[in-house]
Amino acid sequence: MNFFDMLSLMATCGTVLFLALMILISLPHSPLRDMLVQIVGWVFALFCGVYVISPIDVIPEAFLGPFGIVDDLGAIVAGASSAIAAYRAGDGRHS
């Protein structure tokens, strides 16, 4: 078996595993789905928190004044929403 055959086999196996994972995640009462919602939710909330306290902004306050806070407010809302979704997924409540 040469290198390209091995590479093709690895790509095929990876694709099959990825599709199986996507099917398992899409099931309505899958514990894997709840676990991934938790992990992704907390990571995204952490990312939003770091973005808010970082000096790098999409809309800089120096040029646009009070309108520069809009991206920080959006990050706060997105981070809080994802943290709430992650907490609810881990707590077992789905409302």
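**Helix packing in a predicted four-helix chain**

At 1.5 Å a residue, the 23 residues of helix H2 (residues 31–53) should span 33 Å, and the end C-alpha atoms of this helix are indeed 33 Å apart, so that expectation and model agree. The model is a predicted one, and the values reported here are computed from it. Within H2, the residues Gly41, Ala45, Cys48 and Tyr51 are buried, and the buried residues of this helix pack against H4.

The H4 side of this packing can be followed at Gly79, which is found in helix H4 (residues 70–91). Because its relative accessible area is 8%, below the 20% under which a residue counts as buried, Gly79 is classed as buried. Not counting residues up to four places away in sequence, Gly79 touches Ala45 and Cys48, both of which are listed among the buried residues of H2. The C-alpha atom of Gly79 is also separated by 7.8 Å from that of Phe47, although these two residues lie 32 residues apart along the chain.

With regard to the chain as a whole, the secondary structure comes to four helices and zero strands, and the pattern read along the sequence is α-α-α-α. The radius of gyration is 20 Å, well over the 12 Å that the globule rule gives for 95 residues, so the chain is more spread out than a compact globule. Along its principal axes, the C-alpha trace spans about 60 × 40 × 15 Å. Of the 95 residues, 17% count as buried. Among contacts between residues at least 6 apart in sequence, 46% join residues that are at least 24 apart; the contacts made by Gly79 with Ala45 and Cys48 offer an example of pairing between H4 and H2.

The accessible surface of the chain comes to about 7200 Å², of which 79% belongs to carbon and sulfur atoms. A nonpolar surface patch of about 450 Å² is made by Met1, Met6, Leu9 and Met10. One of these residues, Met6, has its place in helix H1 (residues 3–26). Met6 is classed as partly exposed because its relative accessible area of 38% falls between the limits of 20% for buried and 50% for exposed residues. In the predicted model, Met6 of H1 is thus a partly exposed member of a nonpolar patch, whereas Gly79 of H4 is buried and is in contact with Ala45 and Cys48.

Note on methods: Residues numbered from 1 in each chain as written. Predicted model: local features only at pLDDT ≥ 70, side-chain atom pairs only at ≥ 80, totals over all residues. Heavy atoms only, no water. Helix = DSSP H or I, 4+ residues; strand = E, 2+ residues; numbered from the N terminus. Rg over C-alpha atoms; globule rule 2.2 N^0.38 Å. Buried < 20%, exposed > 50% of the residue type's maximum accessible area, 1.4 Å probe, protein only. Contact = heavy atoms within 4.5 Å. Areas by Shrake-Rupley, 256 points an atom, 1.4 Å probe, with all protein chains shown as cover. Patch = residues over 30% accessible without salt bridge, like charges linked within 9 Å, V, L, I, M, F, W, Y side chains within 5 Å. Salt bridge = Lys/Arg side-chain N within 4 Å of Asp/Glu carboxyl O. Expected span 1.5 Å × (residues − 1).
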